[in-house]
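Here's a quick tour of one strand, its neighbours and the ligand site. Have the viewer open as you read.

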Amino acid sequence: MESGGRGERPLRSCDAGSPREAFERERRNVRRTAGPDLRVLKGNDLVQALKERFPKKVWDPSVLLLPNPVVLVSCGSEKLKLAPDIVTVAWAGIVNTSPAMVSISLRPERHSYGIIKQTGEFVVNVPPASLAKVVDWCGMKSGREVDKFSEMRLTALPATTVGCPIVADCPVNLECKVSRTIPLGTHDLILAKVTAVQVSEEVLDKKGKLRVDYADVLSYAHGEYHKLGSRIGVFGFSVRKR
Ligand SMILES: Cc1cc2nc3c(=O)[nH]c(=O)nc-3n(C[C@H](O)[C@H](O)[C@H](O)COP(=O)(O)O)c2cc1C
């Protein structure tokens, strides 16, 4: 069957190179030739053949969205005498372009939740993979009992638009002001406007462009920490003329 035929997986950028990739390619080829010719099938027969080609298990509902960022959210206020805290958050996302907005989902019982509720401010710090253990630790301990900045030897520096510190050890820091909180069940969805972004100079190239590969960011997938991996394309590359 020609590449791109009905029911066949399109070629991907991983279809070259290492022995592992060659193995995967072979495996797909075997599948391609083993089943019926999908081009002659219709209706239920086609669906059945496709189901056999793409066997699936149906699981209970869960939040299996892969991968996700995992961030260190810092909060606190000198003015309100609220000691700085850091909470590890994997339920974080981008929600709007203009105004720039992000979301974090927090359980109301978190110590950090109380602080953010009082101040209406926080910083989303994007950690490098080298801080994976710190990220995990900050998600195991509560600011009620420990000072996470000092225990983890993290550097607190002032933010420019909010009263809580940034985690300077992280290459990207989004200063945020809460605009809305939506209780959802276990977690409250906190929507916030990004009021300033700090970026470490060491992750910028000579032209001042952010190099994601220099930032070496961490991702979180199915309870595991992962490095992001290498760049395989840029926005719009699928439709760009060569
Ligand atoms: C990888 C990871 C991701 C987490 N994501 C979230 C999250 O999205 N929302 C949340 O409420 N708690 C999350 N937690 C749990 C909190 O980080 C944890 O309960 C932390 O100790 C709370 O700190 P605090 O009491 O100082 O606020 C996560 C923990 C880990 C390890």
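## The hairpin

A hairpin links strand 4 to strand 5, using 4 residues to do it. Keep in mind that this is a predicted model. Strand 4 covers residues 92–96, and it runs antiparallel to strand 5, with 4 bridges joining the two. If you want a spot to zoom in on, try N96, which sits opposite M101 of strand 5.

## The other neighbour

Strand 5 also pairs with strand 10, residues 188–199. That pairing is antiparallel too and has 6 bridges. One pair to look up here is S105 and L189: the latter, in strand 10, is the bridge partner of the former.

## Two faces of strand 5

In a regular strand, side chains alternate between the two faces of the sheet. Which residues of strand 5 make up its covered face, and which the uncovered one? V102, I104 and L106 are on the covered face, while M101, S103 and S105 are on the uncovered face. So S105, the bridge partner of L189, belongs to the uncovered set, and so does M101, the residue across from N96.

## Around the ligand

Strand 5 (101–106) has a part in the ligand site as well: along with strand 3 (82–89) and helix 3 (111–119), it supplies at least two residues of the shell. Strand 3 gives the largest share, with 4 residues.

The shell has 22 residues, and those coming nearest to the ligand are H111, S112, G139, S142 and G143. Sorted by class, the shell splits into 8 nonpolar, 8 polar and 6 charged residues.

Methods:
Residues are numbered from 1 along each chain as its sequence is written. This is a predicted model: local features need pLDDT of at least 70, side-chain atom pairs count only at pLDDT 80 or more; totals for chains, interfaces and linings use all residues. A residue is near a molecule or strand if its C-beta atom, placed from the backbone, lies within 6 Å of it. Ala, Val, Leu, Ile, Met, Phe, Trp, Tyr, Cys and Pro count as nonpolar, Asp, Glu, Lys and Arg as charged, and the others, Gly among them, as polar. A residue is buried if 20 or more other C-beta atoms lie within 10 Å of its own, exposed if 12 or fewer, and partly exposed in between; C-beta atoms are placed from the backbone. Two strands pair if DSSP finds at least two bridges between them.
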